[in-house]
Amino acid sequence: MGILVQKFGGTSLSTPQARDHVIRHVKRELGHGYSLVIVVSAMGRKGEPYATDTLLDWVSQNGDALPQRERDLLLCCGEIISATTLCSLLEKEGVPSTVLTGAQAGFLTDNSYGNARILDVRPERILRELRAQKVVIVTGFQGQTEDGDSTTLGRGGSDTSATALGAALRAEMVDIYTDVNGILTADPRIVEDAKPLSYVSYTEICNMAYQGAKVIHPRAVEIAMQAQIPVRVRSTFSENEGTLVTHPEGFQESQPGIVDRFVTGIAYVSNITQISVDCPDGNGSGVQLQIFKSMADSGISVDFINVTPTSAVYTVFDNHSEQAIAVLQEIGLRPKSLSGCVKVSVIGGGINGVPGIMARVVEALSDHNIQILQSADSNTTIWVLVKKEDMVQSLRALHSKFELHR
Ligand code: ADP
Ligand code: MG
């Protein structure tokens with residue numbers, strides 16, 4: 001048997017009951033004969049004692065002046081606590097295990113503290129421990145620079161640690177354990193009748209993840225896709241096998257038949273500000289160049305760009321909106337802005353060129369008197385921008401219009 005990577009997220013480790021489930025999944029796979037590498041996140045969510053957000057709050061309480069390098073050093077503690085907790089519990093059950101930090105596990109990163117990029121994974125130490133019949137527990141979300149400084153990989157970083165290890169170890173599979181039954185057609189916290197998908201392609205989930213489906217980080221999917229390692233997203237709290245993420249041929253090998261989906265799911269990104277600027281007739285393109293150059297020079301990333309001869313409309317994240325407005329005013333423009341918007345996406349490989357899709361989107365929203373502030377589309381996605389108060393209703397209306405609960 002080969003190597004299996006199991007990743008357990010924050011809520012999968014936060015209570016004694018949840019940790020019992022984790023132990024069960026570990027023992028079951030050991031029973032199947034796998035060599036196990038387990039990646040853990042920090043335990044719990046905001047407010048719980050050892051969660052990443054709690055550590056960040058601690059930095060704020062102390063004046064928020066901690067340099068980035070030292071902040072990363074502190075953040076590494078969350079995963080060390082959960083990894084050593086799991087080690088205690090496995091040893092108590094008679095399962096020999098060992099904990100490796102990101103650095104000890106071989107994660108070499110650049111020095112972009114808080115959002116470091118993985119340069120290489122050198123898994124020799126892990127392989128040594130596996131040969132010694134140990135279960136290897138790796139602290140997720142972290143690595144080390146060439147100089148030996150601790151770094152963290154940014155939000156969702158443990159997913160990335162897991163698939164990067166899967167790739168470096170040529171694992172048979174990476175199992176991402178979380179608090180829902182796999183990848184669903186929408187976030188089940190908002191759309192109650194969202195349906196679990198038994199299979200999605202790397203491309204489908206990558207698109208959904210980039211459009212805000214937080215169930216797995218898009219970087220993690222990109223790495224798995226490059227290395228062609230299958231991923232399963234599944235619940236810690238059940239035996240259900242969840243969603244298999246692979247390339248279409250890989251899926252057909254395990255389950256012959258054709259998956260021809262029109263729409264895969266609905267996702268959203270919130271905290272968006274829409275900015276509109278009128279451009280004088282005749283010199284529209286000059287002003288537009290000024291606008292987008294000034295945003296780029298200020299390091300503000302822009303999205304959802306609609307340009308006409310007399311206007312430029314685009315979005316930025318709410319936390320950049322004040323700066324964006326100030327920059328535009330400095331160059332003599334009078335922008336209008338609307339903050340607290342939400343970008344809702346309908347994602348599916350099958351929507352390309354199908355007539356009437358946009359009509360269905362508009363109909364779903366107008367049935368509920370929801371105003372579309374802006375829209376755009378690509379081969380695989382239709383985006384609409386709506387006000388925050390319309391978000392929940394928009395997601396539910398689109399989910400039902402495309403019959404995703406079926
Ligand atoms: P973990 O701590 O295990 O990494 P996350 O909170 O990062 O967990 O991801 C799981 C959450 O992702 C779920 O609780 C769910 O609310 C949310 N989510 C958003 N979109 C989807 C989707 N399409 N399918 C499943 N879960 C989703
Ligand atoms: Mg996560």
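# Exercises on helix packing and burial

The buried residues of helix H9 are Gly-284, Val-287, Gln-288, Ile-291, Ser-294 and Met-295. The model behind these exercises is predicted.

## Exercise 1: The sides of H9

Work out where the buried residues of H9 sit around its axis, and which residues are exposed.

**Solution.**
- Step 1. Start with the buried set: Gly-284, Val-287, Gln-288, Ile-291, Ser-294 and Met-295. Their arc around the axis is only 135°, so they lie on the same side of H9.
- Step 2. Recall the helix geometry. An α-helix makes a turn every 3.6 residues, so residues three or four places apart point the same way.
- Step 3. Turn to the other side of H9. Ser-285, Leu-289, Ala-296 and Asp-297 are exposed there.
- Step 4. Look for the partners of the buried residues. These residues pack against strands S13 (265-278), S14 (303-308) and S15 (311-317), and against helix H10 (318-330).

## Exercise 2: The length of H9

Compare the expected span of H9 (residues 284-297) with the distance between its end C-alpha atoms.

**Solution.**
- Step 1. H9 has 14 residues; at 1.5 Å a residue, they should span 20 Å.
- Step 2. The end C-alpha atoms are 20 Å apart, which agrees.
- Step 3. See what comes next. Gly-299 follows H9, and its phi is positive, near 70°.

## Exercise 3: H5 against H7

Find how helices H5 (residues 157-168) and H7 (residues 218-227) are oriented, and describe their contact.

**Solution.**
- Step 1. The packing angle is about 10°, and the axes are 8 Å apart.
- Step 2. Angles under 35 degrees count as roughly parallel. H5 and H7 are therefore roughly parallel to each other.
- Step 3. List the contact residues. H5 brings Asp-159, Thr-160, Thr-163, Ala-164 and Ala-167; H7 brings Arg-219, Ala-220, Ile-223, Ala-224 and Ala-227.
- Step 4. Sort them by type: 6 are nonpolar, 2 polar and 2 charged.

## Exercise 4: Two single residues

Decide whether Glu-129 and Thr-264 are buried or exposed, then list what each touches beyond four places in sequence.

**Solution.**
- Step 1. Place Glu-129: it lies in helix H4 (residues 124-131).
- Step 2. Buried means under 20% relative accessible area. Glu-129 has 12% relative accessibility, so it counts as buried.
- Step 3. Beyond four places in sequence, Glu-129 touches Thr-98, Lys-134 and Val-136.
- Step 4. Place Thr-264: it lies in the loop between helix H8 (248-254) and S13.
- Step 5. Thr-264 has 1% relative accessibility, so it counts as buried.
- Step 6. Beyond four places in sequence, Thr-264 touches Thr-185, Leu-197, Val-200, Glu-204, Met-208, Ile-347, Gly-348 and Gly-349.

Key:
Residues are numbered from 1 along each chain as its sequence is written. Chains are lettered from A and ligands numbered from 1 in the order in which they are written. This is a predicted model: local features need pLDDT of at least 70, side-chain atom pairs count only at pLDDT 80 or more; totals for chains, interfaces and linings use all residues. Side-chain values use heavy atoms; hydrogens and water are left out. Axes are lines fitted to C-alpha atoms, for helices over the stretch in contact, and angles run from 0 to 180 degrees between N-to-C directions. Helices (H or I, at least four residues) and strands (E, at least two) are DSSP runs, numbered from the N terminus. Angles under 35 degrees count as roughly parallel, over 145 as roughly antiparallel, 65 to 115 as roughly perpendicular and the rest as oblique. Contact means heavy atoms within 4.5 Å. Ala, Val, Leu, Ile, Met, Phe, Trp, Tyr, Cys and Pro count as nonpolar, Asp, Glu, Lys and Arg as charged, and the others, Gly among them, as polar. The expected span of a helix is 1.5 Å times one less than its number of residues. Buried means under 20% relative accessible area, exposed over 50%, partly exposed in between (1.4 Å probe, protein chains only). The arc is that of the directions from the helix axis to the C-beta atoms.
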